Structures are given as structure tokens and as C-alpha cells.
Amino acid sequence: MSQDLKVSLTRRYRFAASHRLHRPNFSEDENQRIYGKCSNPYGHGHNYSLEVTVSGAVDPATGMVANLGDLDPFVEHEVVEAFDHKYLNEEVSEFRQEVPTAENICREIYRRLKRFPPAHLERVRLQETSNNSFEFDGEIGGQHQRRP
Amino acid sequence: MEGQGIRGENVMIRVTRKIEFSAAHFYHNPNFSAQENRRVFGKCNNPHGHGHNYVLEVTVAGVPDPETGMVLDLKELKDILQREVGERMDHRHLNYEVPELAGQIPTCENIAQVIWRLLEPKIAKGKLDRVRLWESPDLYADCTAESGGEGA
């Protein structure tokens, strides 16, 4: 009668960072058309809220999927210290080549956190403003749809 | 197939109801040494305990009844949550006063599983889909049925 249950744990972290959405291989007009005010030359910033979800077996000795004593320092080191109060375009090397859209930030955070040893990374959810949030669970595939 | 057509009677809808309760707990494993307990559980090991305002979100999935347009009566769900969880856990010490948690460390993960097992047999209409237990605005555990596991 006892059902197998799946348990995950979600923890929220915060960082504030600036960025600029701009591609050097696009013309100024194109950058303005695609990125709008996000392309303004001096950049702008957000208070990001990051939710990290890990899953796995609940250790009977601790009652935990992951010990926050392990997860917190890992996320702090991999993401918060690297991104907080930084200009992402210049100070996070991955964004020297890639536009630091929230989608790309999400993907980069997932890549960094995937290596967390004690539990399975289920997904990351990045809230850029109270109106916009982005999630990535590692799923690869699907066709990118270009707007007509 | 569930979810066919948005005008059919077989659309699957998820309904979520929230309740809050406040409770005390601490983490301690009697098989660990005192040092090990402190190392693993940190300040949560303080034997005097501490407490949280827990927020519980319970999601039930089902096909709305064609007569009422409802998956289930939310008032009934509220009463179930109050009876099964509120009365058991609100203003209680989870280490000492909740028999279902006896012998377990009362972490978010374990409490969410206990709540799932308390609620699952009581949901008469629809099917328990997810138990989300917030320990603070920055931390929650989700409990769902393992896909591929035996159904209810």
C-alpha cells in the first residue's frame, strides 16, 4: 500500500548583477530592434532570485535529500560569489562570447551546479524581475522556433 | 486520454490549497556522537529546539465534475488539511508530539512525506498530486508520487 515517493528540495539564493544585451555582430539598429533598452551602452542590473532544486533518496540518518551545509557553500561558491555585484558581460568569462540573457544565465548556472556531488540537480529557476522567470532542467532538444 | 480538448469533460486540472502552521523542532540522530550531530546538523542540533512558520501547499489533480465544475470541494480539502495536518502539527513540537514522525529527523523532506501519507487516503475526489512544504520563504520540499511506482 505504501507508495514510492519522490522528494525534492528547493532553496532560494539571491544575487544582484548588471548586464547588457548586445551582440557585436549585429548592427546598432539590429541590437536596438532585438534587445531594445536592454541594449543601452552602459548596461543595467537586476536583483536576481535563484531557486535550486535537488532530488534524490532521503538519507534515513539525516532525513535529508541534501544537507544545506553542503548545498549552500557550493551554490555560494559556484554562482553567488561569481555573479553577485558583477558586470556579467565582462566579469563572468562565459558571457564574453554569449549574450547574458536570463536564458543563458540559467543555462550557465545549471552547468555550474550540475556537478553538485551529493544529489541530483533537478532544475534551476531564475527570477529576473517579479514579472519574468526562467527555468532549465537540463532537457536538450526541441526546435528553436524563429519568428516569421 | 486525459487533457483532451479544452471543452471536453476530461481535462485534468490541478487545484492547490494552502494552510499554515507553526511548530518547533530540532535535528538529532541518537546514533551520532555529539560532535557528529553538531557537524551534520549545525545550529539545527540545538537541543532546546527552534521553530518555523510552515506553509503547506497541497495540490490535487482531477477532472472537474460536470455537475459542479469542480475537481473537489475546496472547503472539504481545507477541512482535511486542518484535521490531518493543522490539528496534528500546529503549535506542536515535531520531535515529541507527532507520532507519525517518531524515530525520524523532522526535516522538511520527512515532514512532507508524512503529510503525503496522511492525506493521500483521505482525498476522495481527484488524486493527490503534490505536497509542497515551505519551511521559510527560501526553502521548501516537494513530495510527489514516483512516476512508474504503483498508483494509489
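**Exercise 1. Classify the burial of A:Arg11 and describe its surroundings.**

Step 1. A:Arg11 has 18 other C-beta atoms within 10 Å, so it is partly exposed. On this scale a residue is buried if 20 or more other C-beta atoms lie within 10 Å of its own, exposed if 12 or fewer, and partly exposed in between, with C-beta atoms placed from the backbone.

Step 2. The model is predicted: local features need pLDDT of at least 70 and side-chain atom pairs count only at pLDDT 80 or more, while totals for chains, interfaces and linings use all residues. Residues are numbered from 1 along each chain as its sequence is written, and chains are lettered from A and ligands numbered from 1 in the order in which they are written.

Step 3. A:Arg11 belongs to strand 1 of chain A. Helices (H or I, at least four residues) and strands (E, at least two) are DSSP runs, numbered from the N terminus.

Step 4. With neighbours within four places in sequence left aside, the contacts of A:Arg11 are A:Val52, A:Leu68, A:Leu71, B:Asp138 and B:Leu139. A contact requires the C-beta atoms, placed from the backbone, to lie within 7 Å.

Step 5. A:Arg23 is 12 residues from A:Arg11 along the chain, and their C-alpha atoms are separated by 33 Å.

**Exercise 2. Trace the strand pairing that starts from strand 1 of chain A.**

Step 1. Strand 1 of chain A runs antiparallel to strand 2 (residues 44-55) of chain A, joined by 12 bridges. Strands pair if DSSP finds at least two bridges between them. A:Ser8 has A:Ser55 as its bridge partner in strand 2.

Step 2. Strand 2 of chain A also pairs with strand 4 (residues 120-129) of chain A, antiparallel, over 7 bridges. Here A:Ser55 is bridged to A:His120, and A:Thr53 stands opposite A:Arg123.

Step 3. Strand 4 continues to strand 5 (residues 132-136) of chain A through 5 bridges in the antiparallel sense. These two strands form a hairpin with 2 residues between them. A:Val124 stands opposite A:Phe136.

Step 4. Strand 1 of chain A is also joined to chain B: 7 bridges link it to strand 5 (residues 139-145) of chain B, and the two run antiparallel. A:Val7 stands opposite B:Cys143 in that pairing.

**Exercise 3. Describe the interface between chains A and B.**

Step 1. The interface involves 18 residues of chain A in contact with 24 residues of chain B. Strand 1 (residues 5-19) gives the most to the chain A side, with 8 residues.

Step 2. The chain A side has 7 nonpolar, 7 polar and 4 charged residues. Ala, Val, Leu, Ile, Met, Phe, Trp, Tyr, Cys and Pro count as nonpolar, Asp, Glu, Lys and Arg as charged, and the others, Gly among them, as polar.

**Exercise 4. Locate the nonpolar cores.**

Step 1. A nonpolar core is a set of buried Ala, Val, Leu, Ile, Met, Phe, Trp, Tyr and Cys residues joined through C-beta atoms within 7 Å. The largest has 51 residues, with the most contacts inside it made by B:Ala112, B:Ile115 and B:Leu133. Helix 4 (residues 108-119) of chain B supplies the largest share, 6 residues.

Step 2. Beyond its neighbours within four places in sequence, B:Ala112 is in contact with A:Val7, B:Val131, B:Leu133, B:Ala141 and B:Cys143.

Step 3. A second, separate core of 5 residues includes B:Phe26, B:Tyr27, B:Phe41 and B:Ile105.

Terms used: Two residues are in contact if their C-beta atoms, placed from the backbone, lie within 7 Å.
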